[in-house]
Every structure is written in structure tokens, then in C-alpha cells.
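This briefing sets out selected features of one protein chain for a structural reader. Please view the sequence and the structure before reading on.

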Amino acid sequence: MTIHRPENISAGPLREFVLVGFRGGVETQALLFTVFLALYMLTIMGNLTMITVITLDARLHSPMYFFLRNLSFLDLCYSSVFAPKALTNFFSSSKVISFGGCAAQLFFWSFLGTTEAFLLAVMAYDRFMAICNPLRYPVTMSPTTCAHLVLSSYCGGCLNSIVQTSLTFRLPFGSSNRIDHFFCDVSPLLHLACADTTLNELVMFGVCGSIAVSATVIVLASYGYITVTVLKMRSGSRGQKVFSTCGSHLTAVCLFYGTLIVIYAQPGDVESTEQGKVVSIFYTQVIPMLNPIIYSLRNKDVKDALRSLGQRKAAP
């Protein structure tokens, strides 16, 4: 990815940035506000429901649902990093975000996004152990091991976020403080720097590439073994149940990684265009809203738990 910095910018400290957001008049901003608000409300309700159901229903106290509850928590926080500020800016004339606020947004975006990438790989490994090594599964995926895997995902996300944020905000920014996006992303910020960003680009490519490749290899290897195991099963109904369970996770993985590849593997400055911003809506707002639906629609245990919770609330 090549970063083209604006010309004739004098170096100097900045105390705030302006999030340009989406172009358009009042009607366009009102429509976008409605879309963002609806997506954010659905995200909150869906993920809070998943967290509540998994916590209250003893049938869902297993490693797979422990990871799913953490995924719902991540999606809830991830969406909250972007939505409140974006909703405020749709009807704001200044669209200002403080220097510290921008750094915080970048930090939590990178932290939560990287953690989710690791957690999706952990969930694939969990399915591999459950299907390919069922006798060893209770021992291998003990509560302590599950907690350590989740904690490792958070630590990996935090480490990457510290590196990305510190490298980005050590740069001197020039007189232009207009970020051509609706949130503080790395690439638009590098456009504003009035110093050489080669190191930032190399680190971002190396670290993020390593994370993406390692997580993808774990997912592909896990599901490769799962596919071979299922094909060897004599019971067709059992194999169908396994594919149904794994299908939800594969859908979530494809949506998450696929969208990030589309937005960040594009050449040149495409990520700063209006088209890139629309794609960004998908992975910052739509995917966190879709994940609870994906995991509940194709999961009999979750649907039964939701039904039980509904009946419990309806009972006098």
C-alpha cells in the first residue's frame, strides 16, 4: 500500500482532527444516521442477548459457547468504538475529534479487531478438538485452557494495538488535520504525516500480514481435518450436524476476513474513497450485528435456550 502525503504541509503539533466522513447533504446524512443507529441498536440487542442466554442457560456452559460469549462481547465493544462518534458527527458542523480521542479510537479498533481475528482461530481449533479428538476434548479444552486461550487472544490484540498506535502517533502531523474517513484508521492518518512513513507501512504490513496468515492457517488446517473426519463418519446425520455447527463459524470467518481483505488489499488510495468507507461500514457495523444472527439461526441449542428464556420471562 503506497501512502501519498499531501504537499506543502508544514510540520507542527495538532490538538485535534476532523473526521470528514461521508459526502452529501442533509438528507444523505439523515439517511446514514438512521442506518448507523439501526445497525448499532441491533448489534447491542443481539450481542447482549447472546451473552445473557449463554450465561443463564447451563446447557450452554461449554468451551464452544464460552468462546462465543467472548465473541459477542468483542462485537459489542468493537461496534461501540465507531458508532457513537459517527452518529454524533452526522449532524455536527465541526466533526472534530481530539488528538487523544483519535489515538484511543485507533487503539481500541486495532485491539478489538486483532483480538477477534485470534479468537476466530481459537474457535476453529476448538471445533477441531471436539470433532477430531472427542475423547481428549474435555481434558484438552478444560476451563483453564479456554481461559488461557482467550487471554492470549486479548494479549495478542493489545500488543499489536500498542505497536500500531505508538508508531502512528509518534509521527509529526502537518497543517492539514482532515481525516478522509468516518473514524481514525491508520492509512488516512499516514496520509497526514509530514515525515517518512516507510517504517510504519513495513511494520503494518509485516505484523498484520503475520496475524492474518497465522490465523488463516489455523482455520484452514482445523477445518481441513474436520472435513476429512466427517467424510469418514458412517452416520450421515451426525456429519450433517457437524457441518451445520461448523457452518456458522465458517460464515463468520469468511465475512470477517473477506471484508478486511477487500478493504485493505486494494491498490493505492482506494481505501480513502467513498466506496472504501461503505465497505468499512460492513466490517465495523454490519458484521458485529450479523454474528449473533448467524450463530443463533443455525444452532439448535441456542434457539432452545432463547425459547426457554422467553418462556421464563413470560411466566407469571
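Leaving aside its neighbours within four places in sequence, with which residues is Leu189 in contact? The model is predicted, and in it Leu189 contacts Phe17, Cys102, Leu106, Thr168, Phe169, Phe173, Ile179 and Cys184, once those neighbours are set aside. The points below begin with the chain and then turn to its core, its aromatic pairs and two individual residues.

**Overall architecture**

- The chain contains 10 helices and three strands.
- Read from the N terminus, the order of these elements is β-α-α-β-α-α-α-β-α-α-α-α-α.
- The chain has 316 residues, of which 49% count as buried.
- When contacts between residues at least 6 apart in sequence are considered, 81% of them join residues at least 24 apart.
- About 15200 Å² of the chain is exposed, and 67% of this area is supplied by carbon and sulfur atoms.

**Nonpolar core**

- The largest nonpolar core has 81 residues, and the members that touch the most others are Phe17, Trp109 and Leu189.
- Helix α3, spanning residues 99-132, gives the most to this core, with 17 residues.
- In soluble globular proteins, nonpolar side chains tend to be buried together.
- Phe17 is named both among the members that touch the most others and among the contacts of Leu189.

**Aromatic pairs**

- Across the whole structure, a search finds 21 aromatic pairs.
- One of them joins Phe36 and Phe90, whose ring centres are 5.2 Å apart and whose planes stand at 70 degrees, so this pair is edge-to-face.
- This pair links distant parts of the chain, since Phe36 belongs to helix α1 (residues 26-56) while Phe90 lies in the loop between α2 (63-89) and β2 (96-98), 54 residues apart.
- Phe36 is buried, with a relative accessible area of 0%, and Phe90 also counts as buried, at 8% relative accessibility.
- Tyr78 and Phe82 form another edge-to-face pair, with 5.3 Å from centre to centre and 80 degrees between the planes.
- Both Tyr78 and Phe82 lie in helix α2, where they are four residues apart, about one turn of the helix.
- Tyr78 counts as buried because its relative accessibility is 3%, under the 20% cut-off; Phe82 is buried as well, with a relative accessible area of 1%.
- Both pairs belong to one aromatic cluster, formed by Phe22, Phe36, Tyr78, Phe82, Phe90, Trp109, Phe182 and Phe183.
- Trp109 is thus a member of the aromatic cluster and of the largest nonpolar core.

**Lys95 and its backbone**

- Lys95 is placed in the loop between α2 and β2.
- What is the sign of phi at Lys95? Phi is positive there, near 55 degrees, in a residue other than glycine.
- Most residues other than glycine have a negative phi.
- Lys95 counts as buried, at 16% relative accessibility.

**Asn200 in helix α7**

- Asn200 is found in helix α7, which covers residues 198-232.
- Is Asn200 buried or exposed? Asn200 is buried, because its relative accessible area is 4%.
- With neighbours within four places in sequence left aside, Asn200 is in contact with Leu167, Thr168, Arg170, Leu171 and Leu190.
- Thr168 appears among the contacts of Asn200 and also among those of Leu189.

Notes: Residues are numbered from 1 along each chain as its sequence is written. Side-chain values use heavy atoms; hydrogens and water are left out. A nonpolar core is a set of buried Ala, Val, Leu, Ile, Met, Phe, Trp, Tyr and Cys residues joined through side-chain atoms within 4.5 Å. Buried means under 20% relative accessible area, exposed over 50%, partly exposed in between (1.4 Å probe, protein chains only). Helices (H or I, at least four residues) and strands (E, at least two) are DSSP runs, numbered from the N terminus. Contact means heavy atoms within 4.5 Å. Rings of Phe, Tyr and Trp (its six-membered ring) pair if their centres lie within 6.5 Å; planes under 30 degrees apart count as stacked, over 60 as edge-to-face and the rest as tilted. Accessible areas come from the Shrake-Rupley method with a 1.4 Å probe; for residues, only the protein chains shown count as cover.
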